[in-house]
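Student: Could you walk me through this structure and show me how each label is earned?

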Amino acid sequence: MSTIPDDLSYTKEHEWVAGIEDGLTVTVGITAYAAEQLGDVVYVEVHPEVGTTVAAGDAVGEVESTKSVSDIFAPVSGEIVEINAAVTDTPALVNSDPYGEGWLFRVRVEEEPDDLLSAAEYTALTSGES
């Protein structure tokens, strides 16, 4: 099992969120746990274009691996301000550096979400899954 960074927030759908504390723009990616479950990621797409407003829970893209295709969900509501072109060009970054270069998109948040999990809560969630 990979390390779960303490300074991030998490969703039950296995996305991570960085930067909630600054209250403006957050970075979103999928967790190392999700990347491990997916296997080798071969394709990443974020559907909304920069400037599009999304609502928390919206399907905003997909990650395809050698095993399956999984939806990416917006963990926060706000405006998409950046999409990581590096990860669409090199999807394996999701596997090799999920909390760094493998980030997916950035959102200017409208309000701080209240349903994100702490690292401890996410650890408990994933330790109960096989």
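Tutor: Happy to; what follows is a talk about a predicted model, taken from the whole fold down to single residues.

Student: Let's start with the overall layout. What makes up the fold, and in which order?

Tutor: The protein has four helices and nine strands. Along the sequence they follow the pattern β-β-β-α-β-β-β-β-β-α-α-β-α.

Student: Why is the protein called as compact as a globular protein of its length?

Tutor: Set the value against the rule: the radius of gyration is 13 Å, and the globule rule gives 14 Å for 130 residues. The two are close, so the protein counts as compact as a globular protein of that length. For a feel of the dimensions, the C-alpha trace spans about 35 × 30 × 20 Å along its principal axes.

Student: How much of the protein is buried, and what does the surface consist of?

Tutor: Buried residues, those under 20% relative accessible area, make up 44% of the 130 residues. The protein exposes about 6,500 Å², with carbon and sulfur atoms supplying 46% of that area.

Student: What share of the contacts links residues 24 or more positions apart?

Tutor: Among contacts with a separation of 6 or more, such pairs account for 62%.

Student: Now the sheet with strands 4, 6 and 7. What makes strand 4 and strand 7 its edge strands?

Tutor: The order in this open sheet is 4-6-7, with antiparallel pairing. Strand 4 (41-46) and strand 7 (69-73) each pair on one side only, and that earns them the name of edge strands. Neighbouring strands here are turned by 20 degrees against each other on average, direction ignored.

Student: How do you know that strand 6 pairs with strand 4 and with strand 7?

Tutor: Count the bridges against the cut-off, which asks for at least two. Strand 4 and strand 6 have five bridges, in the antiparallel sense. Strand 6 (residues 59-65) and strand 7 also pair antiparallel over five bridges. Both pairs therefore meet the requirement of at least two bridges.

Student: Which residues could I look at to see this pairing?

Tutor: Try Glu64 in strand 6, which stands opposite Tyr43 and has Val69 of strand 7 as a bridge partner. Val63 stands opposite Ser70 in strand 7. The link from strand 6 to strand 7 is a hairpin of three residues.

Student: Which residues have the most contacts inside the largest nonpolar core?

Tutor: That core has 26 residues, and Val26, Ile30, Val94, Leu104 and Phe105 have the most contacts inside it. Strand 3, helix 1, strand 4, strand 6, helix 3 (93-96) and strand 9 (105-109) each supply at least two of its residues. A second, separate core of 10 residues includes Trp16, Trp103, Leu117 and Ala119.

Student: What does Val94 touch beyond four places away in sequence?

Tutor: Its contacts there are Ile30, Ala35, Val41, Val44, Val87, Gly102 and Leu104.

Student: One last residue: why is Thr31 called buried?

Tutor: Its relative accessibility is 0%, and the cut-off for buried is under 20%, so Thr31 counts as buried. Thr31 lies in the loop between strand 3 (25-30) and helix 1 (32-38). Leaving aside residues up to four places away in sequence, Thr31 touches Tyr10, His14, Glu15, Trp16, Pro98, Tyr99 and Tyr122.

How values were computed: Residues are numbered from 1 along each chain as its sequence is written. This is a predicted model: local features need pLDDT of at least 70, side-chain atom pairs count only at pLDDT 80 or more; totals for chains, interfaces and linings use all residues. Side-chain values use heavy atoms; hydrogens and water are left out. Axes are lines fitted to C-alpha atoms, for helices over the stretch in contact, and angles run from 0 to 180 degrees between N-to-C directions. Buried means under 20% relative accessible area, exposed over 50%, partly exposed in between (1.4 Å probe, protein chains only). Contact means heavy atoms within 4.5 Å. The radius of gyration is taken over C-alpha atoms; the globule rule is 2.2 Å times the number of residues to the power 0.38. Accessible areas come from the Shrake-Rupley method with a 1.4 Å probe; for residues, only the protein chains shown count as cover. A nonpolar core is a set of buried Ala, Val, Leu, Ile, Met, Phe, Trp, Tyr and Cys residues joined through side-chain atoms within 4.5 Å.
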